[in-house]
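User: I've got a model open and I'd like to go through its labels one by one. Can you give me the reasoning behind each?

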Amino acid sequence: MAAGGRRFVPVQVRIAVTGFMAVGAVMLTLALVSLGVLLSGMQVDPVAQGGTGYLDFVLFFNAALFLSPLAGVLVFLGTRVRRGEHWAWLSSLVFWGFAGTTAPLLAWVLGAPVPLRLVPVVCAIAMVGLLVTPQARTFCADLDD
């Protein structure tokens, strides 16, 4: 252990945690924008939109509003992974697996553009790729065994 009781944090973990914080900030921004849109008192005519456009619109912004607690979880996991906690490392792998599969499926169901389908998958693959490197696994290893 280094002087002062601090361990060296590998570059892979630092990059992953920075990604956690960046994605969490984007998710929180989307959630706040969605809250503003849903509370703005829009005058929408579902009949003029063919009946389904309004439902898709409301579902999209409700789904984006759901990102707020996930953004908090992501920032919390990022700080715990930076400390080298094994449970946070495992939870992060589960989180990114969940995000990498459900976000594109939701975007596909709602008919979102292709970038909205690909960005979560690319982010999830990048984060999992960084977290499963030998340096990150060793840093976050459960040393109690």
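Analyst: Here is how the labels follow from the values. Keep in mind that this is a predicted model.

User: How do you know how confident the predictor is in the chain, and where is that confidence lowest and highest?

Analyst: The mean pLDDT of the chain is 81 on a scale from 0 to 100, and 79% of the residues reach 70 or more. Helix α2 (residues 53-65) has the lowest confidence, with a mean of 68, while α6 has the highest, at 92. Where pLDDT is low, the predicted coordinates should not be read in detail.

User: What makes up the secondary structure of the chain?

Analyst: The count comes to 6 helices and 0 strands. Going along the sequence, that reads α-α-α-α-α-α.

User: How do you know how much of the chain is buried?

Analyst: A residue needs under 20% relative accessible area to be called buried, and 29% of the 145 residues pass that test. As for the surface, the chain exposes about 8,900 Å², with 72% of that coming from carbon and sulfur atoms. In the contacts with a separation of 6 or more, residues 24 or more positions apart make up 73%.

User: How do you know whether the span of α4 agrees with its number of residues?

Analyst: The 24 residues of α4, at 1.5 Å a residue, should span 34 Å. The end C-alpha atoms of α4 are 35 Å apart, so the two agree. The 28 residues of α1 give a similar check: α1 reaches 40 Å from its first C-alpha to its last, close to the 40 Å expected.

User: Which residues of α4 are buried, and what covers them?

Analyst: Buried in α4 are Ala 88, Trp 89, Ser 92, Phe 95, Trp 96, Ala 99, Gly 100, Pro 104 and Ala 107. An α-helix has 3.6 residues a turn, so residues three or four places apart point the same way. The cover over the buried residues of α4 includes α1 (11-38), α3 (67-82), α5 and α6 (134-139). On its own side, α1 has buried residues too, among them Val 17, Phe 20, Val 23 and Met 27.

User: Why is Ser 92 called buried?

Analyst: Ser 92, in helix α4, has 0% relative accessibility, and the cut-off is under 20%, so Ser 92 counts as buried. Apart from neighbours within four places in sequence, Ser 92 is in contact with Phe 20, Leu 77, Val 81 and Leu 131.

User: Why is Pro 104 called buried, but Arg 117 partly exposed?

Analyst: Pro 104 sits at 16% relative accessibility, under the 20% limit, so Pro 104 is buried. Arg 117 comes in at 24%, between 20% and 50%, so Arg 117 is partly exposed. Pro 104 belongs to helix α4 and Arg 117 to helix α5 (residues 114-131). Their C-alpha atoms are separated by 4.3 Å, with their positions 13 residues apart along the chain.

User: What is each of them in contact with, leaving aside neighbours within four places in sequence?

Analyst: Arg 117 is in contact with Pro 104, Ala 107, Trp 108, Gly 111 and Ala 112. Gly 111 comes just after α4 and takes a positive phi of about 70 degrees. For Pro 104 the list is Ala 99, Arg 117, Pro 120 and Val 121.

User: Why is Thr 133 called buried, and what does its side chain reach?

Analyst: At 18% relative accessibility, Thr 133 is under the 20% limit, so Thr 133 counts as buried. Thr 133 lies in the loop between α5 and α6, and its side chain reaches the backbone oxygen of Leu 130 at 2.9 Å, within the 3.5 Å allowed for a polar contact. Thr 133 and Gln 12 are 121 residues apart in sequence, yet 7.5 Å apart in space, C-alpha to C-alpha.

User: How many disulfides does the structure hold, and how do Cys 123 and Cys 140 count, buried or exposed?

Analyst: The structure holds 0 disulfides, which means that no pair of cysteine sulfur atoms is within 2.5 Å. Cys 123 has 24% relative accessibility, which falls between 20% and 50%, so Cys 123 is partly exposed. Cys 140 has 0%, under the 20% limit, so Cys 140 is buried.

Note on methods:
Residues are numbered from 1 along each chain as its sequence is written. This is a predicted model: local features need pLDDT of at least 70, side-chain atom pairs count only at pLDDT 80 or more; totals for chains, interfaces and linings use all residues. Side-chain values use heavy atoms; hydrogens and water are left out. Buried means under 20% relative accessible area, exposed over 50%, partly exposed in between (1.4 Å probe, protein chains only). Helices (H or I, at least four residues) and strands (E, at least two) are DSSP runs, numbered from the N terminus. Contact means heavy atoms within 4.5 Å. Accessible areas come from the Shrake-Rupley method with a 1.4 Å probe; for residues, only the protein chains shown count as cover. The expected span of a helix is 1.5 Å times one less than its number of residues. A polar contact is a pair of N or O atoms within 3.5 Å; within protein, one must be able to donate a hydrogen and the other to accept it, and residues adjacent in sequence count only if both atoms are side-chain atoms.
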